[in-house]
Amino acid sequence: MSITRSLLLWGSRNAWLERQARHRAFAQRAVRRFMPGEDLEAALTAAAGLAARGIGTVFTQLGENLTAAAEADAVRDHYLGVLTLLAQRDLPSLISVKPTQLGLDFEAATCVARIDSLAAQAARRGDRIWVDMEDSSYVDATLDLFRELRRRHENVGVCLQAYLRRTAADLEELLPLKPAIRLVKGAYAEPPERAFPAKRDTDASYLALAATLIEHAARHGGEPPVFGTHDIGLIRSLQHTAAAAGLDRTACEVHMLYGIRTAEQERLRREGHAMRVLISYGSAWFRWYMRRLAERPANVWFVIRSVVG
Ligand SMILES: Cc1cc2nc3c(=O)[nH]c(=O)nc-3n(C[C@H](O)[C@H](O)[C@H](O)COP(=O)(O)OP(=O)(O)OC[C@H]3O[C@@H](n4cnc5c(N)ncnc54)[C@H](O)[C@@H]3O)c2cc1C
């Protein structure tokens, strides 16, 4: 891992830096590159614009590691309201939730119950909900939670991270459930015994895991694999793998983050791929934004430009 990436990921957990950044106008200007605004209405407007261009969306309210049940209940209620609004406005939009924002740190059972109610409401419109994967200390608990939810709801999908050494084994174990999986590279600071330190190893792991998902979809049907990545070379390579396995373009989905590789988002949609953009909103953007900077340290220049501009 590069020193800049390590520093940015370390900074993402620094409370003093967070207090400084959240109230600076330049930081708010820089964050705008990756989110349409802090409030839900900005996200809804952006989703309507993308929908008009044939691109679906996934909503996520920023925030993690909540410590009180009342706060986690408020997040659940917020998402229930979001699901109602998405249905009222007929938007092709889903939600993606972080378990630690719904209470995983203090009680797994009530965290499951909160996601349960979100899955039940989304199912009324035939929609899926996604469960994010946080740092590696949460993988066991998140996969347990997913299995528990999957017993009652077919419309819940979970994210897996290619940088973790354990993910190939996790995927093998999950496949009999015919799960909906969103495969990403992984965004957290992880020790080398848990995650591949070299990007090329993460990329190779991604390709191998994606090939397993594609092969499974071709043989057994089930949920379309979702590739959450902006790595166009990798997407092109997966297109060949999918075609060789006999899958057409709509059999896999590509998900990207709002504001990243927008021209490619359009191009993939024009080529006939199912394309979604994940839109984040909310005031708790600091940790999430630092992870976006760490993914591409050149983004720090945008922050510097925002200070000047
Ligand atoms: C829909 C979606 C959901 C996600 N959910 C999770 C999750 O639940 N858990 C988790 O750990 N991670 C999640 N991530 C983040 C993911 O793990 C990666 O950190 C992130 O996607 C960057 O990796 P990449 O696959 O785009 O490949 P990279 O090799 O990092 O990037 C490929 C290219 O994409 C562009 N790019 C990538 N990131 C940026 C950026 N921040 N700014 C500008 N350009 C960029 C650059 O041109 C880069 O060369 C999610 C990502 C997406 C797209």
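The exercises below, each with a worked solution, concern a predicted model.

Residues are numbered from 1 along each chain as its sequence is written, and side-chain values use heavy atoms, with hydrogens and water left out. Because the model is predicted, local features need pLDDT of at least 70 and side-chain atom pairs count only at pLDDT 80 or more, while totals for chains, interfaces and linings use all residues.

**Exercise 1.** Determine which residues of helix α11 are buried, and then describe the loop residue H273.

*Solution.* Start with the terms: helices (H or I, at least four residues) and strands (E, at least two) are DSSP runs numbered from the N terminus, and buried means under 20% relative accessible area, exposed over 50%, and partly exposed in between, with a 1.4 Å probe and protein chains only. In α11, which covers residues 262–270, the buried residues are E264, Q265, E266 and L268. The next step is to look for their partners, and these buried residues pack against α10 (232–244), β7 (253–257) and β8 (274–281). After α11 comes G272, whose phi is positive, near 100°. H273 lies in the loop between α11 and β8, and it counts as buried because its relative accessibility is 10%. Leaving aside neighbours within four places in sequence, H273 is in contact (heavy atoms within 4.5 Å) with Q239, R249 and L268.

**Exercise 2.** Work out how helix α5 is oriented relative to helix α6, and do the corresponding task for α8 and α9.

*Solution.* Axes are lines fitted to C-alpha atoms, for helices over the stretch in contact, and angles run from 0 to 180 degrees between N-to-C directions. Angles under 35 degrees count as roughly parallel, over 145 as roughly antiparallel, 65 to 115 as roughly perpendicular and the rest as oblique. The axes of α5 (residues 69–88) and α6 (residues 108–124) come within 10 Å and cross at roughly 5°, and therefore the two helices are roughly parallel to each other. On the α5 side the contact is made by A69, A72, D73, R76, Y79, L80, L83 and T84, and on the α6 side by R114, S117, L118, Q121 and A122. For the second pair, α8 (residues 167–174) packs against α9 at an angle of about 10°, with the axes 10 Å apart, which makes α8 roughly parallel to α9. Here T167, A168, L171 and E172 of α8 meet L209, T212 and L213 of α9.

**Exercise 3.** Describe the largest pocket and the largest cavity by volume and by lining.

*Solution.* On a 1 Å grid over the protein atoms alone, a cavity is a set of points where a 1.4 Å probe fits but cannot get out, and a pocket is an open set with protein on both sides within 12 Å along at least five of seven lines; lining residues have an atom within 4 Å of a point. Grid points are joined across faces, edges and corners, and a volume is the space filled by probe spheres set on the points. The largest pocket has a volume of about 1,300 Å³. Of the 50 residues that line this pocket, the closest to its centre are K185, G186, A187, R292 and E295. The largest share of the lining, five residues, comes from α12. Turning to the cavity, the count comes to one of 30 Å³ or more, and the largest cavity has a volume of about 90 Å³. Its lining includes L175, K178, P179 and H216, and α9 gives the most, with three residues.
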